[in-house]
Amino acid sequence: MTAPEEQQNVTPETSTRPNETIQKVTSVKPAAKPRAAAKPAATKATVTKPAVKADVTPVMPSEVLEVAVIGSGFSGLGMGIRLKKAGMTNFRVFEKAGDVGGTWRDNVYPGCACDVKSQLYSYSFEPSAEWSNAYANQGEILKYIRFCATKYGMYPFMRFNSKVVSATFNAEQGEWLLTIEGGELVRAKNIVAAPGPFADPKDPHIKGSADFKGTIIHTARWDNNVELKGKRVALIGTGATAVQVGPAIAPEVGHLTVFQRTANWIMPRPNPNLSDAEKQESRDNPLKMKINRLKNYWLNEATAPFLILKYDAFKSVPSSISTSYRQKKVKDPVLLKKLTPNYKFGCKRVLVSSDWYPTIQRENVTLEVSGIKQITPTGIETIDGNYYELDVIIFATGYEVRNTGAPFKVYGLNNASLDDKWKDGAEAFDGIATNNFPNLYFLVGPFTGPGHTSVIAYAEAQIDYVWQAIELRKQMNLKYITVKPKAEAGFVKTMDQRSEHTVWKSGCASWYLSPNGRNNVLYPGFNAEYRMRIMRFNPANYLLMGADNAPVKASLRDHLSTVKMAFTA
Ligand code: NAP
């Protein structure tokens, strides 16, 4: 493989099935350079751009990447950094947009910030002393991600504006063939998929929205050109996003009507500025930063049973903290009742906000709890017969989280479709690998979302695990590695059994649950326990296919090699 700077790129010709291809490598493209963030879609409600199809014939590249990473949010970028640190250069990170950052690149709505402390919501290997506040805002987080991409020399490995639309496994060659939107083909021994759960906005499909004469905008595709000053604005949704955007826009709009379907549990979030002196102290004392991170990590771990388990013994303390905070902040009994959740603490994501209740009580804000009947050309009509004239409607209605189906078309051994396998719910061993789809690894995949702590704590552990798998395949000269069905079924059974004890299945609706009511999104346990579980890539859980198409057994030396990798990661 050539160095990234002189990387050859194939010129696509038409888009046919990836298997029907011809061998030829054509033009040489310069190395990918960072570009400005993709402009968010404008005004009228969020529609995904149709795939652009080039009128060209695909050609098979002669070179094979060791790894194709898909996505350049925290996880995908972290994977790239890990591979490069290990001395690998034969990999690329495929990114559908024109910049790194994932959800932090795409979500630019006012007030967008992280509700996990930045000391923990950052790479463990790159602590930052520069955060302005304990909880950083979107702009700072994106800046941090770009900083890491630059510092760790990732840009030459990036393939921007390259959306992977399908991947097909060739068992004979032990490699994947990826199709990039437009038709380009890429060969890779391994795929690490890090598409993130929050890539696509969720349209609430409210009757009449197509006829609205004003502007409809989704928070996940914010457009700063939409004028809000003095306007009559509706905010639909009261989840983690809404409680950020509402307080940020309420002071400038003419009137804000918040349409709440379900009241949420809210905890206060004091977010003091970090002074220059505090930042300097962190710069001067990196050890102290590490200790602070660890402190935050273990504090979050201590909250896990209270946020995860369904049992009343774990609910009374946090529910009463949240309840007394609400009662202290909201004096009007009618409003208080409207803001009181009717499900168990932690069933939906617990929100952290110190400015949501003050915002709801502003003179120019109305909380509407009657369901929406329809959007009319000039406003919103509720089921109770209330009518609101509006200029702008904001959908803070969340994301199309894929807990069923594959993130792109994936065809594994014997052309098995991952969409078919995951049609009732995504499943993977350790949340990372799924049988019949060899050399394919997911980051923050099924069952491994964070219920109580930073997602990066999960992603980093998975990155080390995947790196071990990739290294072992190379060391043992294997054609492919695929998880054994028994190992996968055992892990899934454990997750299902443990999920029965969680509050997520206690009767509320949330994006954690698949249509059949099963949790396959969040990890039902401590992060520390998950990290221990996946610290070492254990080849005994995998079928190892040798170069001569015969299964191979890992020797003691191979096992010891993974132990060494686990402890030197
Ligand atoms: P969400 O939690 O799915 O909330 C969507 C909101 O829209 C809910 O209040 C929902 O009501 C409402 N809604 C949906 N369809 C509706 C309809 N047809 N009519 C009326 N209301 C409707 O989405 P989100 O707030 O964007 O948050 C999603 C996830 O993103 C969070 O759980 C979190 O993991 C992540 N996030 C994180 C941060 C952070 O600070 N780290 C910030 C924002 C988001 P119901 O509750 O009744 O369904």
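Here are three exercises with worked solutions on a predicted model.

**Exercise 1. Place Thr434 in the fold, decide whether it is buried or exposed, and find the polar partners of its side chain.**

Step 1: start with the location. Thr434 sits in the loop that runs between α10 (418–421) and β20 (440–442).

Step 2: check the accessibility. Thr434 has a relative accessibility of 1%, and the cut-off for buried is under 20%. Thr434 therefore counts as buried.

Step 3: list who packs against it. Leaving out residues up to four places away in sequence, Thr434 touches Leu418, Lys421, Trp422, Glu427, Ala428, Thr482, Val483 and Glu488.

Step 4: pick out the polar pairs. The side chain of Thr434 makes a 2.9 Å polar contact with the side chain of Glu488. The Thr434 side chain also reaches the backbone oxygen of Glu427, at 3.3 Å.

**Exercise 2. Do the same for Asn520, then work out how far Thr434 is from Pro446, one of the residues in contact with Asn520.**

Step 1: find the loop. Asn520 lies between α12 (485–499) and α13 (527–533).

Step 2: apply the cut-off again. At 3% relative accessibility, Asn520 is buried.

Step 3: go through the contacts. Setting aside neighbours within four places in sequence, Asn520 meets Asn403, Gly425, Ala426, Pro446, Phe447, Tyr512 and Ser514. With Ala426 there is a polar pair too: the Asn520 side chain comes to 3.0 Å from the backbone oxygen of Ala426.

Step 4: bring in Thr434. From Thr434 to Pro446 you count 12 residues along the sequence, and the C-alpha to C-alpha distance is 10.0 Å.

**Exercise 3. Describe the surroundings of the ligand: which residues come nearest, which polar atoms lie by its oxygen atoms, and how much of its area does the protein cover?**

Step 1: take the shell. There are 22 residues around the ligand, and the ones that come nearest are Asp115, Thr238, Thr241, Thr262 and Lys348.

Step 2: sort the shell by type. You get 10 nonpolar residues, eight polar and four charged.

Step 3: look at the polar atoms by the ligand's oxygens. Thr241 has a polar side-chain atom 2.6 Å from a ligand oxygen. Thr238 uses a polar backbone atom instead, which is 2.9 Å from an oxygen of the ligand. For Gln244, an N or O atom of the side chain is 3.2 Å from a ligand oxygen.

Step 4: finish with the coverage. On its own the ligand has 900 Å² of accessible area, and the protein covers 84% of that.

Conventions:
Residues numbered from 1 in each chain as written. Predicted model: local features only at pLDDT ≥ 70, side-chain atom pairs only at ≥ 80, totals over all residues. Heavy atoms only, no water. Helix = DSSP H or I, 4+ residues; strand = E, 2+ residues; numbered from the N terminus. Buried < 20%, exposed > 50% of the residue type's maximum accessible area, 1.4 Å probe, protein only. Contact = heavy atoms within 4.5 Å. Polar contact = N/O pair within 3.5 Å; in protein donor to acceptor, adjacent residues only side chain to side chain. Near = heavy atom within 4 Å. Areas by Shrake-Rupley, 256 points an atom, 1.4 Å probe, with all protein chains shown as cover. Nonpolar A, V, L, I, M, F, W, Y, C, P; charged D, E, K, R; others polar.
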